[in-house]
Amino acid sequence: MSRPSRGHVLALAALLAVVGCSASNPEVGGPACTSAAQCDDGNPCTVDACTAGACTHVPRAADTVCSVNGGQVCDGAGACVACNHDAQCAGIIPTNACQHPACVAHDCDPVFVASGTATATQVAGDCKKVVCDGAGGTRTVVDDTDLPNDGKECTVDACTGGVPSNTPKAPGTLCGAGNLFQCTAAGDCGCHSNADCTSPQTCGGGGTALVCGCTKKTCAGVGATCGAPSDGCGGTLSCDDTAKDGSETDVDCGGPAATCATRCGSGKKCLAGSDCLSGFCADGVCCDTACNAACQACTAAKKGTGADGVCGAIPAGLDPDNDCTAGTGICGAPGACDGAGACQAPPSSATSCGGTTCSGQTQTLADHCDGAGACVPSGTKSCAPYVCGVSACLTSCSGPGDCAPGYSCSVGVCVAPTPKPNGSVCVVPADCSSGSCVDGYCCDSPCSGACRACSVARGAAVNGLCGNVPATVVCAPPSCSGSVVMGSSCDGAGACVSAVQTDCSTTGQTCSAGACVP
């Protein structure tokens with residue numbers, strides 16, 4: 001005889017509760033009740049009530065929560081049981097691929113998947129199968145149908161007693177689209193020619209016959225000492241080595257682009273503008289500008305300050321590149337830079353380059369610099385009404401000998417004589433009432449020009465009256481116009497005109513200083 005289940009026991013207890021057996025109502029027909037509290041049977045799955053003096057115990061609805069006798073829900077018949085359906089056993093009975101919980105006769109029990117049933121989780125191609133063992137666990141069995149597919153046409157995929165293998169087919173076995181390729185010893189479907197490969201790969205190019213590949217070039221192989229040239233296989237090489245080598249002009253830059261494509265930055269050493277990013281090479285370094293003007297430099301050493309690669313002025317007084325030509329004498333240029341990017345200029349015209357002399361009534365002024373490096377005469381000036389002293393005109397007199405002819409000394413000052421009328425002999429303009437002393441006579445006008453005269457001796461009609469010099473009178477020395485000697489003479493109307501005198505080319509000669517010379 002089998003032992004009743006816990007569910008049966010709980011159900012029997014509920015039945016007894018319904019008919020009224022309890023501590024307050026031990027038997028049917030016992031003492032009458034007066035309240036529901038007298039009818040409490042201690043069962044959470046019944047509703048206790050006192051009706052017409054009699055205790056009743058009505059079962060609560062199924063799945064009402066309870067917690068007596070190891071149960072968790074009411075079964076609807078007045079018993080607190082473990083379950084009414086499978087879902088209520090979740091978490092009570094472990095679940096896996098080979099077992100799941102079930103509610104059997106209001107008890108939660110495991111239900112085992114049949115032995116040999118494959119689980120959902122498998123390792124493809126391992127020649128094995130995971131199956132349930134019928135007791136909620138798993139076991140691994142040999143499955144030689146679970147082939148280890150490596151995706152290669154040139155291998156034979158097989159399982160032998162649960163051991164996977166991918167055995168290469170015989171080398172030379174035809175493979176690929178249209179059987180145009182051959183299997184290699186490694187089990188790959190190989191190439192016949194470079195046309196079978198994707199550039200830059202070639203057939204056997206990687207060192208393995210019948211296999212498309214590409215062997216990368218080296219920096220030495222492509223003749224590069226810097227930069228990132230192509231490796232010949234679709235990538236680039238890194239040829240910078242933090243050293244100045246090959247034909248580089250500085251570390252990893254400059255030189256022929258074929259061997260070092262990287263151009264040098266500012267301040268780096270160079271031989272030509274093509275070595276530099278800026279395109280300018282000055283003083284042996286890459287510069288920000290051409291920096292080729294006089295007294296400019298692109299190195300800190302020549303500039304005396306700053307950084308290499310930035311063009312600037314050479315300090316005043318220096319000329320490291322001999323850009324400036326030194327002149328000669330007092331008026332010559334110093335031959336050095338001015339500190340502002342140019343050569344120092346020669347002394348200005350305010351600089352004297354000689355002494356003064358004086359003779360008779362004429363003072364020769366001190367020579368002066370012309371600002372272009374030459375010492376030039378400053379001309380002369382008349383000492384009138386005084387005469388010359390030791391080296392300059394006197395500025396006072398102590399007797400008539402200190403005054404120019406026609407002047408007299410009066411209280412230390414040379415004074416002019418009474419002005420003379422036109423036609424009178426004169427020495428200086430002050431002698432004349434007109435203020436013009438021309439050709440030795442007081443003249444009616446300044447009478448300027450080589451072809452105007454104020455004396456009969458030079459062609460005027462009357463001494464003291466300005467007139468035109470007669471025609472044909474030479475008024476200027478001969479000059480050259482190409483190979484022609486030009487003569488100048490008065491035209492009788494007061495003008496000095498030029499005319500061809502001699503064409504030296506007719507005798508095979510040239511014109512020089514107004515004369516034909518061989």
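**Disulfides**

I began with the cysteines and searched the whole structure, a predicted model, which gave me 36 disulfides. I picked three of them for a closer look.

My first pick was cysteine 39 with cysteine 55, whose sulfur atoms sit 1.9 Å apart. I read a torsion of about -75° around this S-S bond, so the disulfide is left-handed. Cysteine 39 belongs to the loop between α1 and β1 (46-51), while cysteine 55 is in strand β2 (residues 54-59), so the pair ties together parts 16 residues apart in sequence. I then checked how covered the two partners are. Cysteine 39 has 0% relative accessibility and counts as buried; cysteine 55 is buried too, at 10%.

Next I took cysteine 287 and cysteine 298, again joined with an S to S distance of 1.9 Å. Here I found 95° about the S-S bond, a right-handed link. Cysteine 287 lies in the loop between β17 and β18 (296-297) and cysteine 298 in the loop between β18 and α2 (300-303), so this bond ties together parts that are 11 residues apart in sequence. Buried or exposed? Cysteine 287 comes out buried, because its relative accessibility is 1% and the limit for buried is under 20%. Cysteine 298 is buried as well, with a relative accessible area of 0%.

My third pick was cysteine 291 with cysteine 311, sulfur atoms 2.0 Å apart. This link is right-handed, with 80° about the S-S bond. The pair connects distant parts of the chain, 20 residues apart: cysteine 291 is in the loop between β17 and β18, and cysteine 311 in the loop between α2 and β19 (312-313). I noted cysteine 291 as buried, at 9% relative accessibility.

**Confidence**

How far does the predictor trust this model? I noted a mean pLDDT of 89 for the protein, with 94% of residues at 70 or more. Among the elements, strand β17 (residues 285-286) has the highest mean pLDDT, 97, and helix α1 (residues 6-18) the lowest, 41. Over residues 1-29 the pLDDT is below 50, although this stretch has 31 contacts in the model beyond near neighbours in sequence. A reminder to myself: where pLDDT is low, the predicted coordinates should not be read in detail.

**Strands**

I moved on to an open sheet of three strands, ordered β20-β21-β24 with antiparallel pairing. Its edge strands are β20 (357-359) and β24 (380-382), each paired on one side only. From one strand to the next, the twist averages 20°. Between β20 and β21 (residues 362-364) I found three bridges, and cysteine 358 stands opposite glutamine 363 in β21.

I also looked up the hairpin of β31 and β32. Strand β31 (residues 474-481) pairs antiparallel with strand β32 (residues 484-490) over five bridges. Serine 479 has methionine 486, in β32, as its bridge partner. Two residues lie between the strands, and glycine 482 takes a positive phi near 70°.

**Serine 434**

Last, I visited serine 434, in the loop between β26 (413-415) and β27 (437-438). Which residues does serine 434 touch, not counting those up to four places away in sequence? I found Asn422 and Cys443. The side chains of serine 434 and asparagine 422 make a polar contact at 3.4 Å. A polar atom of the serine 434 side chain also lies 3.3 Å from the backbone nitrogen of serine 436. I logged serine 434 as partly exposed, with a relative accessible area of 33%. For a long view, I took its C-alpha distance to glutamine 99, 335 residues apart along the chain, and got 151 Å.

Technical notes:
Residues are numbered from 1 along each chain as its sequence is written. Side-chain values use heavy atoms; hydrogens and water are left out. Two strands pair if DSSP finds at least two bridges between them. Helices (H or I, at least four residues) and strands (E, at least two) are DSSP runs, numbered from the N terminus. Axes are lines fitted to C-alpha atoms, for helices over the stretch in contact, and angles run from 0 to 180 degrees between N-to-C directions. Buried means under 20% relative accessible area, exposed over 50%, partly exposed in between (1.4 Å probe, protein chains only). Contact means heavy atoms within 4.5 Å. A polar contact is a pair of N or O atoms within 3.5 Å; within protein, one must be able to donate a hydrogen and the other to accept it, and residues adjacent in sequence count only if both atoms are side-chain atoms. pLDDT is the predictor's confidence in each residue, from 0 to 100. A disulfide is a pair of cysteine sulfur atoms within 2.5 Å.
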